[in-house]
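Welcome! Take a moment to look over the chain below, and then we can walk through it together.

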Amino acid sequence: MNTATTGLAAGMALGFAGYFGGFWAFLLVLVLGAAGLVAGLVLQGDLDLRARRQR
């Protein structure tokens, strides 16, 4: 597993902690999964936020 996949899995695991809430839990899983994916991509070096900020 690469770092991006690990970050995505971590975000999803955090989201499943609040899973028993219906639609809002779905949104929580979606948002935390995306945040975990972005964090994993940054740590892996595939996404450079500084370069995107300077545009």
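Against which element do the buried residues of α2 pack? They pack against α1. Keep in mind from the start that this is a predicted model. Let's build up the picture step by step.

## The chain as a whole

The protein chain has 3 helices and 0 strands. Reading from the N terminus, the order of its elements is α-α-α. Of the 55 residues in the chain, 18% are buried. The accessible surface adds up to about 4300 Å², and carbon and sulfur atoms account for 67% of that area.

You can also ask how the chain meets itself. Take the contacts between residues at least 6 apart in sequence: 50% of them join residues at least 24 apart.

## How confident is the prediction?

The mean pLDDT of the protein chain is 78, with 87% of the residues reaching 70 or more. Among the elements, α2 has the highest mean pLDDT, at 81, while helix α3 (residues 49–53) has the lowest, at 73. Here is a good habit to pick up: where pLDDT is low, predicted coordinates should not be read in detail.

## Helix α1

Helix α1 covers residues 3–16. Its 14 residues should span 20 Å at 1.5 Å a residue, and the end C-alpha atoms are indeed 20 Å apart, so the expected and computed spans agree.

Which residues of α1 are buried? They are Ala4, Gly7, Gly11 and Gly15. Because these residues cover an arc of only 80 degrees around the axis, they sit on the same side of α1. The cover over the buried residues of α1 includes α2.

Two other residues of this helix are worth a visit. Threonine 6 lies in α1 and counts as partly exposed, because its relative accessibility is 40%. Its C-alpha atom is 9.6 Å from that of alanine 39, although the two are 33 residues apart along the chain. Leucine 14 also has its place in α1. Is leucine 14 buried or exposed? With 57% relative accessibility, leucine 14 counts as exposed. From leucine 14 to glycine 33, the C-alpha distance is 8.3 Å, with their positions 19 residues apart in sequence.

## Helix α2

Now move along to α2, which has 22 residues. From its first C-alpha to its last, α2 reaches 31 Å, close to the 32 Å expected at 1.5 Å a residue.

The buried residues here are Ala25, Val29, Gly33, Gly36 and Gly40. They cover an arc of only 75 degrees around the axis, which means that they are on the same side of α2. Phe23, Trp24, Leu30 and Val31 are on the other side of α2, and they are exposed. Just after α2 comes glycine 45, which takes a positive phi of about 95 degrees.

## A closer look at glycine 40

Glycine 40 is a good place to see the two helices together. This residue is found in α2, which runs over residues 23–44. Why does glycine 40 count as buried? The reason is its relative accessibility of 3%, since a residue is called buried when that value is under 20%.

Which residues does glycine 40 touch, once neighbours within four places in sequence are left aside? Glycine 40 is in contact with Thr3, Ala4 and Gly7. Of these contacts, Ala4 and Gly7 are among the buried residues of α1. Threonine 3 is 37 residues away from glycine 40 in sequence, yet their C-alpha atoms are 5.2 Å apart in space.

## Putting it together

To finish, look once more at the two helices: the buried residues of α2 pack against α1, and α2 is part of what covers the buried residues of α1.

Note on methods. Residues numbered from 1 in each chain as written. Predicted model: local features only at pLDDT ≥ 70, side-chain atom pairs only at ≥ 80, totals over all residues. Heavy atoms only, no water. Helix = DSSP H or I, 4+ residues; strand = E, 2+ residues; numbered from the N terminus. Buried < 20%, exposed > 50% of the residue type's maximum accessible area, 1.4 Å probe, protein only. Contact = heavy atoms within 4.5 Å. Expected span 1.5 Å × (residues − 1). Arc of directions from axis to C-beta. pLDDT = per-residue confidence, 0-100. Areas by Shrake-Rupley, 256 points an atom, 1.4 Å probe, with all protein chains shown as cover.
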